[in-house]
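Colleague: Can you walk me through this one, a bit at a time? I'll ask, you reason it out.

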Amino acid sequence: MKIICIGRNYVEHIEELGNERPEHPIIFMKPDTSLLRNNEPFYYPDFSNDIHHEMEVLVKIKKEGKSIDKEFAKDYYDKVGLGIDFTARDWQTKLKAKGYPWEIAKAFNGAAPISHFISKSDTDVTNINFRLEKNGQEVQNGNTGLMLWPIDEIISYVSKFILLKKGDIIFTGTPKGVGPVDAGDRLVGFLENEKMFDFEIK
Ligand code: ZN
């Protein structure tokens, strides 16, 4: 399986990082070695001093597809979840400034904690409220209705370039409120009122 991530999909997050609003979705990938499941702890890596949380809604692909038309995209996924796109912001900022790929800032071990998945038929995917608490305080909240590119458009766009396969996971971008984590922090994420993950930084 592969993990495809969308960058800059919420206006207020683009503004908080001082980024330009892109013409097309920004795509990058994480390897399967970045996955953390079942509330496994995240071990703070020694190569960074500025790991940020980016909470994102996840989509799980249910069948193979390429060049998927936007109106049929809904047939290619059946589940949604919640995850963290951990980002080594210090590395990303330095690499971006030089115009280099910033893969290393996103693809390191443990950089993709994911929740369990719930059936998309149980929710309106264009209007999901989601939020993140750090040590009991809300630090991020969003609604999928605020995406620049809604889920169906993301699937259509990505599948023009990359064959989507059953089990692939898409990180759909983070809303505003990204910020640092430290050893000892506890991150708890909710889709609507359902607790999706609850894990510690070590
Ligand atoms: Zn992200």
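Colleague: Which strands are included in what covers the buried residues of α3?

Modeller: Keep in mind that we're looking at a predicted model. Helix α3 runs over residues 151-161, and its buried residues are I151, I154, I155, S156, Y157, V158 and S159. The cover over them includes β1 (3-7), β2 (26-30), β5, β6 and β12 (169-171).

Colleague: Okay, on to α2. Why do its buried residues line one face of the helix?

Modeller: Helix α2 covers residues 89-98, and R89, Q92 and L95 are buried there. An α-helix has 3.6 residues a turn, so residues three or four places apart point the same way. Looking down the axis of α2, you find the buried residues on one face because they fall within an arc of 135°.

Colleague: And what do those buried residues of α2 pack against?

Modeller: We've just met the buried set, R89, Q92 and L95. On the face turned away from them, α2 carries the exposed residues K94, A97 and K98. The buried residues themselves pack against two strands, β4 (51-53) and β7 (87-88).

Colleague: Now the metal. How many residues apart in sequence are the parts that E54 and D85 tie together?

Modeller: The zinc ion has E54 (OE), E56 (OE) and D85 (OD) as its protein donors, at 2.0 to 2.1 Å. Along the sequence the donor residues follow the spacing E-x1-E-x28-D. E54 sits in the loop between β4 and β5 (55-61), while D85 sits in the loop between β6 (77-84) and β7, so this pair ties together parts that are 31 residues apart.

Colleague: Are E54 and D85 buried or exposed?

Modeller: To count as buried, a residue needs under 20% relative accessible area. E54 and D85 both come out as buried.

Colleague: What about N38, which has a positive phi although it is not a glycine: what is its relative accessible area?

Modeller: Most residues other than glycine have a negative phi. N38, in the loop between β3 and β4, takes a positive phi of about 55°. The cut-off for exposed is over 50%, and N38 counts as exposed with a relative accessible area of 72%.

Colleague: Last one: which residues make the nonpolar surface patch of about 280 Å²?

Modeller: Start in the loop between β3 (35-36) and β4, where F47 has its place. F47 counts as partly exposed, at 37% relative accessibility. The patch is made by F47, W91 and I104.

Definitions and conventions. Residues numbered from 1 in each chain as written. Predicted model: local features only at pLDDT ≥ 70, side-chain atom pairs only at ≥ 80, totals over all residues. Heavy atoms only, no water. Buried < 20%, exposed > 50% of the residue type's maximum accessible area, 1.4 Å probe, protein only. Helix = DSSP H or I, 4+ residues; strand = E, 2+ residues; numbered from the N terminus. Arc of directions from axis to C-beta. Contact = heavy atoms within 4.5 Å. Donors = N, O, S within 2.8 Å, 3.2 Å for Na, K, Ca; no water. Patch = residues over 30% accessible without salt bridge, like charges linked within 9 Å, V, L, I, M, F, W, Y side chains within 5 Å. Areas by Shrake-Rupley, 256 points an atom, 1.4 Å probe, with all protein chains shown as cover. Salt bridge = Lys/Arg side-chain N within 4 Å of Asp/Glu carboxyl O.
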